[in-house]
Amino acid sequence: MTAPTRVLILGAAGRDFHNFNVCYRADPQVRVVAFTATQIPNIAGRRYPPELAGPLYPDGIPIYPETELPQLIARLNVDQVVFAYSDVSHEHVMHLASTALAGGADFVLLGPRRTSLTSSRPVVSIGAARTGSGKSPATRWVVGAIRRAGVTPVVLRHPMPYGDLAAQACQRFATFEDLDRHHCTIEEREEYEPHLAAGTVVYAGVDYERILRQAEAEADVIVWDGGNNDLPFIVPDLHLVVVDPHRAGHERSYHPGEANVRMADVVIISKVDTAAPEAVRTVRATVAALNPDAEVTEAALAIRVDDEGLVAGRRALVVEDGPTLTHGEMSYGAGVLLARRLGATLVDPRPFAAPSIAAVFAQYPHLGPVLPAMGYGGEQLADLATTIEATPCDVVVCATPVDLRRLIPQRRPMARVTYELEPRDEGTLVRRLNEVIRRAPGAGARGKGA
């Protein structure tokens, strides 16, 4: 008998755990000796618990910082380094590959054929070329179209298990109270709250085989709501991919966003109402070169605020979606665009940042006078509140999808910014969705299409 292959999985508390579950957990010819963690604060130093790791791993699996990779390869006698996270440049991936090779290990990328689950329900997946492209608004639009067709969508959200992994194995969210019960971070709330407000059930967690089977019991159509620019965990019947002309060229230079574009059935060029026309043309040409068989459609990302009078001409502290600004590498988001449109003056929060928020600004020096809504734990949420309180402004412009007023008491007025997808040609999306909806259980009796 040959010794088991010793594998180390590079991750960020999402794709890494899924790949382990579906490819390695029950394989006696493999021993996963460690995970590493990056991108997300405070997720290293934990263990993948034995309850999830299975009988081959009675002590669970340790999770180390990715910065220790060279030492881990040597100390743990690693045979293969498996890359398993998203929204990084091709250059970043190959630097890690070089580190693995220099340590004597293989460098592995697992593909969709090995890592995708199959569903008994029709599946629509929404992915993106980059974080912050408009994937979440696109998902909300798709869910609404499916519901208008008279069938029941259930959303499976890409994992964000930043707490107790065993407790987060399979999570169902139907009410805002569920968010509190599961101790959700701001980042989780950003993705779940808009779905819950629309009456859509959301599943997420760690063990997606279990999650999928439970969701199928109440869904006519499964909607995969992707995270970052990752590939879907479920084999899709229709794969929609959103690209961002504000970052023209990124659709072919980031992993696995380029693979998403190449796999897409339909590519949605979002933000065409705020992007430069030449950038839209550049993205369209790139998509045509990467995936000439994909249908391409355009959409605006309509930005609205609940009270323009609070913002117009005022000193505004703009709070934006965190991942869009951090590893998504945007220096602005919908809140900044809205504030500038209304003639507001942006107040720079950096001189007033509490320690963990100041660390975010130091890690991402491209950030300007805008506050990323970081809240990956109690300490960081408290520091976010302290930073908001200390920043001298007339109004807080909240452009993160989570309602911060539920989490952070405000003594100053807060204007809530929302952004929704507005397709320029709904016919393309409706036609492709109808092809999927027709295969849903009871579709003929309940509806005749979106």
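In this predicted model, Phe20 touches Ile9, Arg25, Val32, Phe35, Tyr48, Leu52, Ala53, Tyr57 and Ile61, leaving aside residues up to four places away in sequence. Phe20 belongs to the largest nonpolar core, which has 121 residues. Within this core, the residues with the most contacts are Phe20, Tyr24, Tyr48 and Leu156. Tyr48 therefore appears both in that group and among the contacts of Phe20, where contact means heavy atoms within 4.5 Å. Helix 6, spanning residues 135–148, supplies the largest share of the core, with six residues. Another core lies apart from it and has 20 residues. Leu8, Ala34, Leu69 and Leu76 are among the members of this second core.

Leu76 was examined further. This residue sits in the loop between helix 3 (69–75) and strand 5 (80–83). Its relative accessibility is 13%. The cut-off for burial is under 20%, so Leu76 counts as buried despite its place in a loop. Leu76 touches Arg6, Val33, Ala34 and Tyr64, again without residues up to four places away in sequence. Of these, Ala34 is also listed in the 20-residue core. Ile63 precedes Leu76 by 13 residues along the chain, and the C-alpha atoms of the two are separated by 13 Å.

Helix 9 covers residues 208–216. Its buried residues are Tyr208, Ile211, Leu212, Ala215 and Glu216. They span an arc of only 130° around the axis, and therefore lie on the same side of helix 9. The spacing fits the general geometry: an α-helix has 3.6 residues a turn, so residues three or four places apart point the same way. The buried residues of helix 9 pack against one helix and several strands, namely helix 1 (15–24), strand 9 (153–157), strand 10 (170–173), strand 11 (202–205) and strand 12 (221–225). Helix 1 includes Phe20 and Tyr24 by its residue range, and both are among the residues with the most contacts in the largest core.

The cysteines were considered next. The structure holds zero disulfides. Cys23 is in no disulfide, and the nearest cysteine sulfur, in Cys170, is 20 Å away. For Cys170, the closest cysteine sulfur is that of Cys184, at 13 Å, which is too far for a bond. A disulfide would require the two sulfur atoms to be within 2.5 Å. Both Cys23 and Cys170 are nevertheless buried: Cys23 has 11% relative accessibility, and Cys170 has 15%.

Notes: Residues are numbered from 1 along each chain as its sequence is written. This is a predicted model: local features need pLDDT of at least 70, side-chain atom pairs count only at pLDDT 80 or more; totals for chains, interfaces and linings use all residues. Side-chain values use heavy atoms; hydrogens and water are left out. A nonpolar core is a set of buried Ala, Val, Leu, Ile, Met, Phe, Trp, Tyr and Cys residues joined through side-chain atoms within 4.5 Å. Buried means under 20% relative accessible area, exposed over 50%, partly exposed in between (1.4 Å probe, protein chains only). Helices (H or I, at least four residues) and strands (E, at least two) are DSSP runs, numbered from the N terminus. The arc is that of the directions from the helix axis to the C-beta atoms.
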